[in-house]
Amino acid sequence: MERSIINPARVDFVTLRLFCSVAKSGSITKGASQCHLALSAASRRLADFEATVGVALLERTTQGVQLTAAGHVAMQHAVRLCHGFEVFGAELSDYSRGYRGHVRFWANMSALIESLPEVLASFMGQHPEIKVDVEEQLSGDIVRALIEGTADIGVLADGTPTHGLIVVPFHTDELVVICPDDHVLARKDEASFFECIQYPVVGLNRGSSLLELISSKAQEAGGSLQLRVQVRSFGALCRMVGARLGVGVLPRATCEPLLDAYRLKALRLTDPWAYRRMMVACSETKELSSAGKLLWERLIVHADGEPTLS
């Protein structure tokens, strides 16, 4: 059976935005209002959209509307397309305001706190005509964004699968264990990770490369993490450890400024993996713009190694 192809000329961005608004609000009336459309016009657009794709996307009920199984798939693509169009407009608008380049740069929390601020400040000071959008994201999300083209350049933790990317060792950070300054571990200056996981652990949220690392190392050591609390940021993790909810593992440079404030002690981890590499990466197949190449070259100057294909 031949697969039917949707004619893109029959789907416009007004309809896609309307569909997203209706799906999120659960109401055609609210969706139409948010998109500044008359209810009759909105209903006609939605009906035409479903006719074009050849399947029902919305289930109408007395309580409103909800997505069908096909509607959930359509919603994912509609959100991505609308976001892409917004980025398209924003980047062209940058050129009208005098910028001559635009780079989308994603990095994980460790890199943004430790090694990148000075490099980015220097680059942006020397190239004020280039706009660099910096986002903090999880390492796994950075890889997907680089492959899909949502980001141009990224910095992520080593150990993250990077197939399809060009990667360069960028920076090495040291992981330490933090504990309250009156904890039994605080009598030491260093400890093995196995010693540390005998106590409850405060960790980062799921998807964090650091959480994945310490979880796998706990298994390798023959133990498991007693995760008591999970948080989103290094600062919150330090605060939870300071409240005696557990011990934590963080890069030394990110936690040292907070030790006194939360009455913590940082112990050197004796395990070799405590020295963790950050990688700078870009897509193997998507060529960087001239502005992207300038930033890439600046990052490579500060990198620890040579580019390799994953």
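At 56% relative accessibility, Arg-263 counts as exposed in this predicted model. Arg-263 lies in the loop that links helix H12 (259-262) to strand E11 (264-269), and its backbone adopts a positive phi of about 55° although the residue is not a glycine. A positive phi, of about 65°, is also found at Arg-244, again a residue that is not a glycine. Arg-244 is placed in the loop between helix H10 (234-242) and strand E10 (248-251), and with a relative accessible area of 45% it is classed as partly exposed.

With regard to the overall architecture, the protein contains 13 helices and 13 strands, and its C-alpha atoms occupy a box of roughly 70 × 50 × 45 Å when taken along the principal axes. Of the 310 residues in the protein, 44% are buried, while the accessible surface amounts to about 16,500 Å², with 53% of that area belonging to carbon and sulfur atoms. When contacts between residues at least 6 apart in sequence are considered, 74% of them join residues that are at least 24 apart. The protein carries 31 positive and 35 negative charges, and the mean positions of these two sets are separated by 6 Å.

The packing of two helices was examined in the N-terminal part of the numbering. Helix H1 (residues 13-25) and helix H3 (residues 39-53) have axes that come within 10 Å of each other and cross at roughly 100°. Because angles of 65 to 115 degrees count as roughly perpendicular, H1 and H3 are described as roughly perpendicular to each other. On the H1 side, the contact is made by Val-14, Thr-15, Leu-16, Leu-18, Phe-19 and Val-22, and these are matched on the H3 side by Ala-42, Arg-45, Leu-46 and Phe-49. In the loop between H3 and strand E1 (58-61) is found Val-55, which at 38% relative accessibility counts as partly exposed. Not counting residues up to four places away in sequence, Val-55 touches Glu-50 and Ala-70. The C-alpha atom of Val-55 is separated by 59 Å from that of Leu-267, a residue 212 positions apart from it along the chain.

Two strand residues that are both buried were also considered. Val-280 belongs to strand E12 (residues 275-283) and is buried, its relative accessible area being 0%. Leaving aside neighbours within four places in sequence, the contacts of Val-280 include Ile-153, Gly-154 and Val-155, together with Ile-166, Val-167, Val-168 and Phe-170, and further extend to Trp-296, Leu-299 and Ile-300. For one of these partners, Trp-296, which lies 16 residues from Val-280 along the chain, the separation between the two C-alpha atoms is 8.5 Å. Glu-174, by comparison, is situated in strand E6 (residues 165-180), and with a relative accessibility of 15% it likewise counts as buried. Once neighbours within four places in sequence are set aside, Glu-174 is in contact with Leu-250, Pro-251 and Arg-252, and also with Arg-268, Ala-274 and Tyr-275.

A further loop position is provided by Asn-205, which is found between strand E8 (201-204) and helix H9 (209-220). Asn-205 is partly exposed, with a relative accessible area of 25%, and, when neighbours within four places in sequence are left aside, it is in contact with Leu-211, Gln-230, Val-231 and Arg-232. Between Asn-205 and Leu-165, which are 40 residues apart in sequence, the distance from C-alpha to C-alpha is 25 Å.

Notes:
Residues numbered from 1 in each chain as written. Predicted model: local features only at pLDDT ≥ 70, side-chain atom pairs only at ≥ 80, totals over all residues. Heavy atoms only, no water. Helix = DSSP H or I, 4+ residues; strand = E, 2+ residues; numbered from the N terminus. Buried < 20%, exposed > 50% of the residue type's maximum accessible area, 1.4 Å probe, protein only. Contact = heavy atoms within 4.5 Å. Areas by Shrake-Rupley, 256 points an atom, 1.4 Å probe, with all protein chains shown as cover. Lys, Arg positive; Asp, Glu negative; His and termini not counted. Charge placed at Lys NZ, Arg CZ, Asp CG, Glu CD. Axes fitted to C-alpha atoms, helices over the stretch in contact; angles between N-to-C directions. Parallel < 35°, antiparallel > 145°, perpendicular 65-115°, else oblique.
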